[in-house]
Structure formats: C-alpha cells, structure tokens
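Student: I have a structure in front of me and would like to know how its labels are justified. Could we go through some of them?

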Amino acid sequence: MDFITDAFKNQFLITGITSWLIAQIIKMIINLFTHGGFKLRNLFADGGMPSGHSATVSSLATATGLVLGTGSFQFAITAILTIIICNDAAGVRFETGQQSILLNEIVRSFESISSKKLPEIKLKELVGHTKLQVLCGIILGIANAFFMHYVIFN
C-alpha cells in the first residue's frame, strides 16, 4: 500500500501525468469544435494541439529544477530528454505524418486508376506536431509545474 500512497505523493509523477492529461483534454475540446463530435479515443491520440509529449517532459524538467535545483544531475537528465523528445515530436514524428499522408494519397490514386486492389493498410497520419503545437505543450507543462509546485505541493 505504501507504493500507491508514495506514488500519489510524488510531485514529479503527478506533475507529469497532470500535464499530459491537461494537454489531452485540451486536444479533445479543440477536436470537438473543429471536427464535431466527442471521441473518447482522442484522449489517447498522438499529434494535435497542444503536444502532450512536450507538456509532459517539460513539466517534469521544470518540477525537477524547482525541487532539486537546476544544478542537479536529475535536472540535467530531464532537460536533455525534454530537448530530445520535443525535437523528435516536431521533427522526425511530424515528417513521418507528412509521409503517411502522401503514401495514403498515392495508394488511393493508384487504386482509382488501376483494377488492382492494394492491401487495406491506412497509415496513421497524425503522429507528430508542428513547432507551434510543441511550443504550446512546453508552455502548458512549465505553467502546470509551477502551479503544482507552489499551489498543490507547497
């Protein structure tokens, strides 16, 4: 039972999870207004505004800096991982999504001009983030880390 109690008292864990959850709820609300309809699966979807990945890791790095100091090795680790993850979300994963859009369109075009049917595999198109989505995730994560540190855990 101490394991569960300790987890609920862990400022780093709770800050990261709440940042991710806030980002995902914001995505669901944005999706509700832009595409209409409520879809619970969007709570766990990748891509979109704001970046849940960026919110999670930036809040973890910020919480680490606030609690352990920016001179700690723990802050160094979380800061470096945050840079890598945010860069990946806006770089490699975003480009993967763009390639998926193009490949799905190529398959549709091929099937429309050919009598041949290709295997029914639709690549996931929304896997990464724009730089703005990553930036908004970072801002959300930092703000939540400050809120959690000074309001909830203080």
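**Reasons behind the labels**

Tutor: Leaving aside neighbours within four places in sequence, Val 57 is in contact with Thr 82, Ile 85 and Cys 86. Keep in mind that this is a predicted model.

Student: What makes up the largest nonpolar core?

Tutor: Five residues form the largest nonpolar core: Val 57, Cys 86, Ala 89, Ala 90 and Val 134. Helix 4 (residues 73-90) gives the most to this core, with three residues.

Student: Why is Cys 86 called buried?

Tutor: Buried means under 20% relative accessible area. Cys 86 has 8% relative accessibility, so Cys 86 counts as buried.

Student: Why does Cys 136 count as partly exposed?

Tutor: The partly exposed class lies between under 20% and over 50%. Cys 136 has 29% relative accessibility, so Cys 136 belongs to that class.

Student: How many disulfides does the structure hold, and why is Cys 86 not bonded to Cys 136?

Tutor: The structure holds zero disulfides. A disulfide needs two cysteine sulfur atoms within 2.5 Å. The cysteine sulfur closest to that of Cys 86 is in Cys 136, 12 Å away, and therefore too far for a bond.

Student: Which residues make the nonpolar surface patch of about 710 Å²?

Tutor: That patch is made by Leu 21, Ile 25, Ile 29, Leu 32, Phe 33, Phe 38 and Leu 40. Ile 29 lies in helix 2 (residues 11-35).

Student: What makes Ile 29 eligible for a patch?

Tutor: Patch residues have over 30% relative accessible area. Ile 29 is partly exposed at 43%, so Ile 29 passes that cut-off.

Methods. Residues numbered from 1 in each chain as written. Predicted model: local features only at pLDDT ≥ 70, side-chain atom pairs only at ≥ 80, totals over all residues. Heavy atoms only, no water. Patch = residues over 30% accessible without salt bridge, like charges linked within 9 Å, V, L, I, M, F, W, Y side chains within 5 Å. Areas by Shrake-Rupley, 256 points an atom, 1.4 Å probe, with all protein chains shown as cover. Salt bridge = Lys/Arg side-chain N within 4 Å of Asp/Glu carboxyl O. Helix = DSSP H or I, 4+ residues; strand = E, 2+ residues; numbered from the N terminus. Buried < 20%, exposed > 50% of the residue type's maximum accessible area, 1.4 Å probe, protein only. Core = buried A, V, L, I, M, F, W, Y, C linked by side-chain atoms within 4.5 Å. Contact = heavy atoms within 4.5 Å.
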